[in-house]
Amino acid sequence: TKISQHNKQRNIGKTCRCLGEFKIFRRSSSYYLYEILFFYRIDIDGLEVYFPYDYIYPEQILYMGEVKKTLDAKGHCLLEMPSGTGKTVSLLSLVVAYMLRFPDHLDKLVYCSRTIPEIEKCVEELRNLFKYYEQCDGVSFACLSEAETYGKKGLGPKQPSLFAVALSARKNLCINESVSSLRQGSLVDGACQKLTASFMRAKRRLHPDLPCCTFFEKLDEQKDMSYPDGVYNLVCL
């Protein structure tokens, strides 16, 4: 069975193209069952950007274009868009594509937000984008069952080789019950510093009976350990 590919222009002109491919997800001795997958990739000033949704606003394309100009110029920019217009996914889609295309020019994105729900939403948006890369780049469309396809060497899901992690204040991430039970941010910070500050650790070498944070000490012992690529939200830590 041959695999067919279709190119389809979208309403926003030549900026986007849709690649439709057939994927076999069930097979029996008498019939094949197909699922059509449509993958959208957007050309932003010569940069191919993976966009994980079926629809895109013209403002999102303009937004990504301005971000790319700023990255090319290695300068600063201040962009503003109304709420609900997809700023987060536009920024993540463009920056991830740029980091993969030009790793020597850009190797880190620090995304700051005001509240924990907003941070978690951003990280889940990034996770969704990574899964979209899997769909676009990692699935073989040979005429095999899904298990057979994924079992072949060199085929199967492939996420970007990037590491993303959500960070927050001590009061949200501390797992030392004697400290986290204080709950109030300033109290948690103070109790944590009494256990982990460098001068307190130096004093503990002279007086081993002083209290310490075993979690911090174990983490410090493994500070050179590398973590696998992927997206890690607060609930995963």
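Hi everyone, let's start with one helix, H7, which covers residues 185–196. H7 has 12 residues and reaches 16 Å from its first C-alpha to its last, close to the 16 Å expected at 1.5 Å a residue. Before I go on, please keep in mind that this is a predicted model.

Which residues of H7 are buried? They are Val 188, Ala 191, Cys 192, Leu 195 and Thr 196. Looking down the axis of H7, you find these buried residues within an arc of 120°, so they line one face of the helix. That fits a general pattern: an α-helix has 3.6 residues a turn, so residues three or four places apart point the same way. And what do the buried residues of H7 pack against? Their partners are helix H5 (170–173), helix H6 (177–180), helix H8 (198–206) and helix H9 (214–221).

Just ahead of H7, have a look at Arg 183, which sits in the loop between H6 and H7. Arg 183 is not a glycine, yet its phi is positive, about 65°. With 68% relative accessibility, Arg 183 counts as exposed.

There is a similar case elsewhere in the chain. Asp 45 is found in the loop between strand S3 (32–44) and strand S4 (47–50). Asp 45 is not a glycine either, and its phi is positive at about 55°. Asp 45 counts as exposed, at 57% relative accessibility.

Let me step back to the whole chain for a moment. Its secondary structure comes to 9 helices and 6 strands. Of the 237 residues in the chain, 34% are buried. If we take contacts between residues at least 6 apart in sequence, 54% of them join residues at least 24 apart.

Next comes helix H1, residues 58–73. H1 has 16 residues and reaches 23 Å from first C-alpha to last, close to the 22 Å expected at 1.5 Å a residue. Its buried residues are Gln 60, Ile 61, Tyr 63, Met 64, Gly 65, Val 67, Lys 68 and Thr 70. H1 is followed by Lys 74, with a positive phi near 55°.

Now for the cysteines. How many disulfides does the structure hold? The count is 0. Take Cys 174, which is in no disulfide: the nearest cysteine sulfur belongs to Cys 192, 6.0 Å away. A disulfide here needs the two sulfur atoms within 2.5 Å. We met Cys 192 earlier, among the buried residues of H7. Cys 174 itself is partly exposed, with a relative accessible area of 22%, while Cys 122 counts as buried at 9% relative accessibility.

On to the second largest pocket, which holds about 650 Å³ of space. This pocket is lined by 25 residues, and the closest to its centre are Leu 109, Val 110, Tyr 111, Ala 164 and Val 165. Helix H2 (87–101), helix H3 (116–137), strand S5 (163–165) and strand S6 (230–232) each supply at least two residues of the lining. Which element gives the largest share of that lining? It is H3, with 5 residues.

I'll stay with H3 for my last stop, Phe 130, a residue of that helix. Is Phe 130 buried or exposed? Phe 130 is buried, with a relative accessible area of 1%. The C-alpha atoms of Phe 130 and Pro 160 are separated by 6.6 Å, and the two residues are 30 apart along the chain.

Thanks for listening!

How values were computed:
Residues are numbered from 1 along each chain as its sequence is written. This is a predicted model: local features need pLDDT of at least 70, side-chain atom pairs count only at pLDDT 80 or more; totals for chains, interfaces and linings use all residues. Side-chain values use heavy atoms; hydrogens and water are left out. Helices (H or I, at least four residues) and strands (E, at least two) are DSSP runs, numbered from the N terminus. The expected span of a helix is 1.5 Å times one less than its number of residues. Buried means under 20% relative accessible area, exposed over 50%, partly exposed in between (1.4 Å probe, protein chains only). The arc is that of the directions from the helix axis to the C-beta atoms. Contact means heavy atoms within 4.5 Å. On a 1 Å grid over the protein atoms alone, a cavity is a set of points where a 1.4 Å probe fits but cannot get out, and a pocket is an open set with protein on both sides within 12 Å along at least five of seven lines; lining residues have an atom within 4 Å of a point. Grid points are joined across faces, edges and corners, and a volume is the space filled by probe spheres set on the points.
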